[in-house]
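Q: I am new to this structure and would like to learn how to read it. Please take me through it feature by feature.

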Amino acid sequence: MRRRMGRPGLVGTMARTAVIAGTANATVGAMNRRGASKQAAAADSQAAQQAAFEAQAEVADLQAQLDRAQATAPVAPPPPPAAPAGGTDVVAELQKLADLKAAGILDDAEFAAAKAKLLS
């Protein structure tokens, strides 16, 4: 039998088409997987950046709240003056405590504690 030269037969053409189609399908699948992994990596990176930004904003907000709280914190009243060595004028000390309470420097509990200390 003599072999025909020229165009391939039907079986040869089908085999060649199957090889080309299989190669193209494998290539497309690999490209899709690679693209998906790149997109996932980009999404992960963006999510990490967003989380870092939100954490930084929360820290700044907490710092601002702390600064406001410290600015509005009441100032502790000065300690009562030490008693002179010779003796204490109880009436004058009670008058000073009453003046501090009236000025709003001492509250009721502080006034009561100072009064009790003075009278003891």
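Confidence and layout

A: Among the elements of the protein, helix H3 (residues 108–119) has the lowest mean pLDDT, 87, and H1 has the highest, 92. The model is a predicted one. For the protein, the mean pLDDT is 85, and 86% of the residues reach 70 or more.

Q: How should a low pLDDT be read?

A: Where pLDDT is low, the predicted coordinates should not be read in detail.

Q: How many helices and strands does the protein have?

A: The protein has three helices and zero strands. Read from the N terminus, the order of the elements is α-α-α.

Q: What does the span of H2 look like beside the expected value?

A: H2 has 13 residues, and the distance from its first C-alpha to its last is 18 Å. That is close to the 18 Å expected at 1.5 Å a residue. Just after H2 comes Gly-104, with a positive phi of about 90°.

Q: Which salt bridges does a search of the whole structure find?

A: The search finds two salt bridges. In one of them, the side chains of Glu-93 and Lys-96 meet, with 3.7 Å from N to O. In another, Lys-101 pairs with Asp-108, and the closest N and O atoms are 3.0 Å apart.

Q: Where do Glu-93 and Lys-96 lie?

A: The general idea concerns the helix turn. An α-helix has 3.6 residues a turn, so residues three or four places apart point the same way. Here, Glu-93 and Lys-96 both lie in helix H2 (residues 90–102), three residues apart, which is about one turn of the helix.

Q: Is Glu-93 buried or exposed?

A: Glu-93 counts as buried because its relative accessible area is 18%, under the cut-off of 20%. Its partner Lys-96 has 43% relative accessibility and so counts as partly exposed.

Q: What about the other salt bridge, between Lys-101 and Asp-108?

A: Lys-101 is partly exposed, because its relative accessibility is 34%. Asp-108 has 54%, so it counts as exposed; the cut-off for exposed is over 50%.

Q: Which ring does Lys-101 lie over?

A: Lys-101 lies over the face of Phe-111, at 5.0 Å from the ring centre. Lys-101 thus takes part both in this contact and in the salt bridge with Asp-108.

Q: How is a pair of aromatic rings described, and how many are there here?

A: A pair of aromatic rings is described by the distance of the centres and the angle of the planes. In this case there is nothing to describe, as a search of the whole structure finds zero aromatic pairs.

Q: What can be said about the loops?

A: Pro-78 is in the loop between helix H1 (10–72) and H2. With a relative accessible area of 57%, Pro-78 is exposed. Ile-105 is in the loop between H2 and H3, and at 40% relative accessibility it counts as partly exposed.

Q: How far apart are Pro-78 and Ile-105 in sequence and in space?

A: Pro-78 and Ile-105 are separated by 27 residues in sequence and by 9.0 Å in space, C-alpha to C-alpha. Ala-76 can be read in the same manner: Ile-105 and Ala-76 are 29 residues apart in sequence and 8.1 Å apart in space, again C-alpha to C-alpha.

Q: What share of the protein is buried?

A: Of the 120 residues in the protein, 4% are buried. The accessible surface comes to about 10400 Å², and 62% of it belongs to carbon and sulfur atoms.

Conventions. Residues numbered from 1 in each chain as written. Predicted model: local features only at pLDDT ≥ 70, side-chain atom pairs only at ≥ 80, totals over all residues. Heavy atoms only, no water. Phe/Tyr/Trp six-rings, centres within 6.5 Å; stacked < 30°, edge-to-face > 60°. Lys NZ or Arg CZ within 6 Å of the ring centre and 35° of its normal. Salt bridge = Lys/Arg side-chain N within 4 Å of Asp/Glu carboxyl O. Helix = DSSP H or I, 4+ residues; strand = E, 2+ residues; numbered from the N terminus. Buried < 20%, exposed > 50% of the residue type's maximum accessible area, 1.4 Å probe, protein only. Areas by Shrake-Rupley, 256 points an atom, 1.4 Å probe, with all protein chains shown as cover. Expected span 1.5 Å × (residues − 1). pLDDT = per-residue confidence, 0-100.
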